[in-house]
Amino acid sequence: MKAILNFFLSIRTAYWFFVFFAVIMLWGSIALPGNLAFFSGIDDTPLFRWLSEAGNIGTTWWIYGLIAGLGLFALNTLVCTGEALLFRVGRINTIARLSPQIMHVGVLFVMLGHLLTASMGMKLDLDIRQGETKLVAEGAAITLVSVREELDANGYAVDWEAVLRWSNGGKTGEVRSLRPAHPLHMGSYGIFSKSVNVDNKGSSALIRVSRDPGAPWALLGGVLLCLGGAGFVLARMNG
Amino acid sequence: MFSDLSAEEARTLITIFSILVPALFYGMGMMEGKHSRTLFLLGLVLHGLSIIYRGYVLGGIPLTEKHDNVSFMAFTTAVVYWRLSAADTSPWYQVTSITAVSLLAIASLLFPTINTISPFMRTPWFTLHMFLLYLSYGFFGVSACAGIAYLAEGNADRERLQYQLAAYGWAVYTIALVAGSVWFFIAYGMYWLWTSRELFTTLCWFFFGLYLHQRYLKGLAGRPAAIIGLLGYLIALFAYFGVGTIIPAPPVQF
């Protein structure tokens, strides 16, 4: 038991995890473009469902390796952080010296976020014509009221707007404007504008509807990573 | 002669000169004598003005396409080097840093200027992501040069400088990745993509994490760690220049 604990407490273990992740990421970055058609749906489906449907372990093994490695890395992080907080906190004289542990906890939350997204996330792309209503989920629907597009002198889109009406359970909700990088939040869903097509014959908008239960946890992890990173620098400014 | 130029051609010409002239002054920073820092500083000021000019032409903060990004990468590397150059006069450190800055500035000219900003990029999160990302490249770049100086001269101060700058760079890079994830979620409803670019960016984060841990391991500290730190910068450069060219990264259909 002690040997296992020492293994997970060791900085050398963390180091070899970093080596492992670097190798796996390198492999993945080459494998992905090499099997583009196979991996084409990976971003549209929650990861665990995509993996179970995709099969072909010979091409996806590195993702399983990454998940397994991250699981062990989470254990390593948890043990290291626990040990540091339980036995070393008395010797810590500044908050900056806690920063590696804050980063560790941040990594754990980011991993939790990815786990929730990979298992329970939902993404749906809707191509809606003006005046059309499309069902999103659980009785909720979206109607595209109008579309506006702004082009520059060279004909590139510099801004656009899709006006939407949200209805839920037969009740018609308010009309709201959706613009690129300015999402709407309706219930537990996020609504994102991907593109619009303004045409004399009938305008349309491509809209992404998503529900991502992992995003708040990943964000919390990201904030902790930032705080820990800042402290990490402060702690090492002199050495 | 110049009266025949279209407005677009004139802007391109101004952009070329506004990079080449600072690069020349950066190069003169390698000269011996008390004026070398002044000449480098002049290059820095002119480079800063060229970035402001690009912002004026673009009508926004010029961090949205490769020419401006590489130019800004050179600028941050120059700023980090300038801040530390008074205290460290190692010839290896000086020559490698100034060469890196000049080469990066000139490399920006390999990419055409694009004068349109995608509406997806018009958010403070995107700007913050890009600003911090290239600031971290500045730290990583000068860190690598300090590493080369350490490997060549064996001075432990350089090794410490390499580590400190990599630590700053890693912290800034971490915040840049978080800001980038927030931007991507706001723009596209997801904070992670399975593409070679994302994987290489994450690889870079893990690699510098590896280097920062390696320095504390008996038998792997010192020269082996310095080489890993140097390799980290090459990986960071490859993540930017190599992914999409050497490793294919087809545009993602969002």
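Trainee: Leaving aside its neighbours within four places in sequence, which residues is B:Y134 in contact with?

Mentor: In this predicted model, B:Y134 is in contact with B:L63, B:N69, B:F72, B:M73, B:T76 and B:Y240, once neighbours within four places in sequence are set aside. Contact here requires heavy atoms within 4.5 Å.

Trainee: What makes B:Y134 notable within the largest nonpolar core?

Mentor: That core has 131 residues, and B:Y134 is one of those that touch the most other members. Also named in this way are A:W62, A:I63, A:I191, B:Y137 and B:W194. Helix α6 of chain B, residues 156-188, supplies the largest share of the core, 17 residues. At least three residues of the core come from each of domain 1 (1-117) and domain 2 (120-254) of chain B. Another core, of 5 residues, lies apart from it, and includes A:F192, A:A218, B:F185 and B:Y191.

Trainee: Why might nonpolar side chains be grouped in this manner?

Mentor: In soluble globular proteins, nonpolar side chains tend to be buried together.

Trainee: How do you know that the two domains of chain B meet?

Mentor: The contact takes 25 residues from domain 1 of chain B and 25 residues from domain 2 of chain B. The C-alpha centres of these domains lie 21 Å apart.

Trainee: Why is B:S136 called buried?

Mentor: The relative accessible area of B:S136 is 0%. Buried means under 20%, so B:S136 is buried. This serine is placed in helix α5 of chain B, residues 124-153. Not counting residues up to four places away in sequence, B:S136 touches B:G169, B:V172 and B:Y173.

Trainee: What makes B:F184 count as buried?

Mentor: B:F184 has a relative accessibility of 11%. The limit is under 20%, and therefore B:F184 counts as buried. B:F184 is found in helix α6 of chain B. Its C-alpha atom is separated by 8.8 Å from that of B:W125, although the two residues are 59 residues apart along the chain.

Trainee: Why is A:W61 described as partly exposed?

Mentor: A:W61 has a relative accessible area of 38%. Buried residues are under 20% and exposed ones over 50%, with partly exposed in between; A:W61 is therefore partly exposed. A:W61 lies in helix α5 of chain A.

Trainee: What makes A:W61 eligible for a surface patch?

Mentor: A patch residue needs over 30% relative accessible area, and A:W61 has 38%. Together with A:W27, A:I57 and A:Y64, A:W61 forms a nonpolar patch on the surface, with about 440 Å² of accessible area together. Helix α5 of chain A, residues 57-88, gives the most to this patch, with 3 residues.

Trainee: What makes the phi angle of A:N56 worth noting?

Mentor: Phi of A:N56 is near 50 degrees, which is a positive value in a residue other than glycine. A:N56 belongs to the loop between α4 (47-54) and α5 of chain A. Its relative accessibility is 43%. Partly exposed lies between 20% and 50%, so A:N56 counts as partly exposed.

Trainee: Is A:A181, which also has a positive phi, buried or exposed?

Mentor: Phi of A:A181 is near 60 degrees, and A:A181 is likewise a residue other than glycine. The loop between β5 (171-178) and β6 (184-186) of chain A holds A:A181. The relative accessible area of A:A181 is 6%. Buried means under 20%, so A:A181 is buried.

Conventions
Residues numbered from 1 in each chain as written. Chains lettered and ligands numbered in written order. Predicted model: local features only at pLDDT ≥ 70, side-chain atom pairs only at ≥ 80, totals over all residues. Heavy atoms only, no water. Patch = residues over 30% accessible without salt bridge, like charges linked within 9 Å, V, L, I, M, F, W, Y side chains within 5 Å. Areas by Shrake-Rupley, 256 points an atom, 1.4 Å probe, with all protein chains shown as cover. Salt bridge = Lys/Arg side-chain N within 4 Å of Asp/Glu carboxyl O. Helix = DSSP H or I, 4+ residues; strand = E, 2+ residues; numbered from the N terminus. Buried < 20%, exposed > 50% of the residue type's maximum accessible area, 1.4 Å probe, protein only. Core = buried A, V, L, I, M, F, W, Y, C linked by side-chain atoms within 4.5 Å. Domains from an automatic or database assignment.
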